[in-house]
Amino acid sequence: MSTSTPYIPNRAMEKSSYFKNIDGLRTICFLMVFCFHSFTSKSEAVLNSGAYGIIKNSIFSNGNLGVNFFFVLSGFLITYLLIIEKQTTSKINLVYFWIRRILRIWPLYFFCVFFGFFLFPVIKSYLGQTPQETAHLINYLTFTSNFDFIANGRPDASILGILWSISIEEQFYLVWPVFLLVIPIRYYWLLFVFLIAFSLGYRITHNDYYHLEFHTFSCMNDLVTGSFAAWLCLSCAPLERFLIQSSKSIQLIPYVLFTAYFFLKDELMNFIPLLVPYERIISSVLMSWIILDQVINAQGIFRLSRFPFLIKSGKYTYGMYCLHFLGILVTITIVKSILHKDDILTVLFIEPIGSLVLTYLISVISYRYFERYFLQLKNNFTWYHS
C-alpha cells in the first residue's frame, strides 16, 4: 500500500458518489434495529413461551448491531466524500459540509424531539397514563442525549430513545472534517489507528453496559473504522484487486463471519469475557469488510443491488430509524384496542408486521413532503459548486 500517492479509482473522481448497495445495507441495518425493538409484551404466558424466547431472545437479541453498522456506514460515506473533496480541491469546505449535515439531520431530528417532549406527554395523559419523563430537553437540543441516556436511562417517550445515536453522529460530524482538513491524506491512517486505540482504551477502563453502548468515546471506534475503510478504498489498489479477483468462497467470508457473530455474540462474550471491550472492533472490521466488498466488487457473489426493494427503501431509512418507535407505539395501541389480547400470534406477527408497514408509510410521507424540501437545499452547498 502506497501512502505517498493515493490510488484513486475512476469512481472516486465522480462529483457525486452514490453506491446502490450501500442503500441496501442501510435497509438491512434498519430491519435489524426494528426487530430488536419489536415483539413487546406484558403477558407472562407470552414472555415464557418457547417461540418468544427463540425470536426475541435468540434470533434478534443482537439487533442493536444495526446501530453499530449505521455508525460504520456513516464513517465510510462521510470520509469517502471528504477525501474526494480534498483530493480534488486541496481543501474541505467546512461550512458547506456542516450545512449539508444540518439540512439532512436536523429537521426530522427536531420533529422527534418536539413530539417526545411536548406531544407524547399529552397523548399519554389523554390515554389515562401518567407521563414520567426523565430525559432533559437541553441534552436533546445540544445533541448530547447519549450522555443523558447514560445518566438517566431510557426516556419515557420511546421516540426519544433512538436519538442518542444521532447525537453521537452529530458530535462526530462537528470535529471530523476539521481533522481531515488539517492532516495530510497520507497520514490519515495514523489518525485512524490512534483514535481506534483510544476508543479501545476507553472501553477497557469503562467496562459497563451504558458506557460501552452509549458513550461517544466507545462508539467512536465504529465511525473511525468505517472512515479507515473509506481511506483504504481510495488509497489501496492491491485491496481493490484482491476484492475483485477473490474467489466466491473468499467473498463469502465476511458475510458468514458477521452472520455467525450476530447470532453468537452473547455466547462468545460470556465464554470469553475478556473480549467484551473488543466486541466493537470485531464487528466494525467485519462490517467494513462487507461495505468494501459491496462498494468495490461489482460482480461479487452477493450484490444487494439485485434486491430492488432494499435499494429503494434505503433512502427512507433515516425516517424509518427515527420514526419506527412511533410506528410501533401506534400499531400496538390500535391492535390492543381492537383485539383486546396479548398472545403469541399478536406479539410475534400481527403487531410487528403492522408496525413495519406503518413505519414505512409514515417514513415515505416524511421523506416526500418534509425531508425532501431540505434535501433539495443541500444542492446549493456542494463543494464542486463552490
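This tour moves from the whole chain to selected residues, naming at each stop what to select and what is found there.

**The whole chain**

Begin with the entire protein chain displayed as a cartoon, and bear in mind that this is a predicted model. The secondary structure of the protein chain consists of 17 helices and zero strands. Turn the chain along its principal axes: the C-alpha trace spans about 65 × 45 × 45 Å. How does the radius of gyration of the protein chain agree with that of a compact globule? For 386 residues a compact globule would have a value near 21 Å, and the protein chain has 21 Å, so the two agree.

Next, display the surface. The protein chain exposes about 17800 Å², of which carbon and sulfur atoms supply 68%. Of the 386 residues, 53% count as buried. Contacts may also be sorted by separation along the sequence: among those with a separation of 6 or more, 79% are between residues 24 or more positions apart. If the charged residues are coloured, 28 positive and 21 negative charges appear, and the mean positions of the two groups are 11 Å apart.

**Ser284 and its polar contacts**

Select Ser284, whose place is in helix 14, residues 279–296. Is this residue buried or exposed? Ser284 is buried, since its relative accessible area is 0%, and the cut-off for a buried residue is under 20%.

Now show the side chains around Ser284. Its side chain makes a polar contact of 3.1 Å with the side chain of Asn221. A polar contact with the side chain of Thr225 is also present, at 3.4 Å. Beyond residues up to four places away in sequence, Ser284 touches Val72, Asn221, Asp222 and Thr225.

**Ser199, on the other side of Asn221's contacts**Keep Asn221 displayed and select Ser199, which is found in helix 9, residues 188–205. Ser199 is buried, with a relative accessible area of 0%. Which atom of Asn221 does the side chain of Ser199 reach? The side chain reaches the backbone nitrogen of Asn221, at 3.4 Å. With residues up to four places away in sequence set aside, Ser199 touches Phe217, Ser218, Met220 and Asn221.

**Leu292, also in helix 14**

Return to helix 14 and select Leu292. Leu292 is buried, with a relative accessible area of 8%. Which residues are in contact with Leu292, apart from its neighbours within four places in sequence? They are Phe76, Ala229, Cys233, Leu239, Leu243 and Asn297. Then draw a distance from the C-alpha atom of Leu292 to that of Leu190: these residues are 102 residues apart along the chain, and their C-alpha atoms are separated by 20 Å.

**Two further distances**

Select Glu240 in helix 12, residues 237–245. Glu240 is buried, with a relative accessible area of 10%. Add Asn297 to the selection: Glu240 and Asn297 are 57 residues apart in sequence, while their C-alpha atoms are 7.9 Å apart in space.

Move to Leu252, found in helix 13, residues 248–271. Leu252 is partly exposed, with a relative accessible area of 35%. Add Asp293 to the selection: Leu252 and Asp293 are 41 residues apart in sequence, with a C-alpha to C-alpha distance of 9.8 Å.

**Two loop residues with positive phi**

The last stops concern the backbone. Most residues other than glycine have a negative phi.

Select Phe39, in the loop between helix 1 (20–37) and helix 2 (44–47). Phe39 has a positive phi of about 65°, although it is not a glycine. Phe39 counts as buried because its relative accessibility is 8%, under the cut-off of 20%.

Finally, select His340, which lies in the loop between helix 16 (317–339) and helix 17 (344–378). What is the phi of His340? It is near 55°, a positive value in a residue other than glycine. Is His340 buried or exposed? His340 is exposed, because its relative accessible area is 65%, and exposed means over 50%.

Definitions and conventions:
Residues numbered from 1 in each chain as written. Predicted model: local features only at pLDDT ≥ 70, side-chain atom pairs only at ≥ 80, totals over all residues. Heavy atoms only, no water. Helix = DSSP H or I, 4+ residues; strand = E, 2+ residues; numbered from the N terminus. Buried < 20%, exposed > 50% of the residue type's maximum accessible area, 1.4 Å probe, protein only. Rg over C-alpha atoms; globule rule 2.2 N^0.38 Å. Contact = heavy atoms within 4.5 Å. Areas by Shrake-Rupley, 256 points an atom, 1.4 Å probe, with all protein chains shown as cover. Lys, Arg positive; Asp, Glu negative; His and termini not counted. Charge placed at Lys NZ, Arg CZ, Asp CG, Glu CD. Polar contact = N/O pair within 3.5 Å; in protein donor to acceptor, adjacent residues only side chain to side chain.
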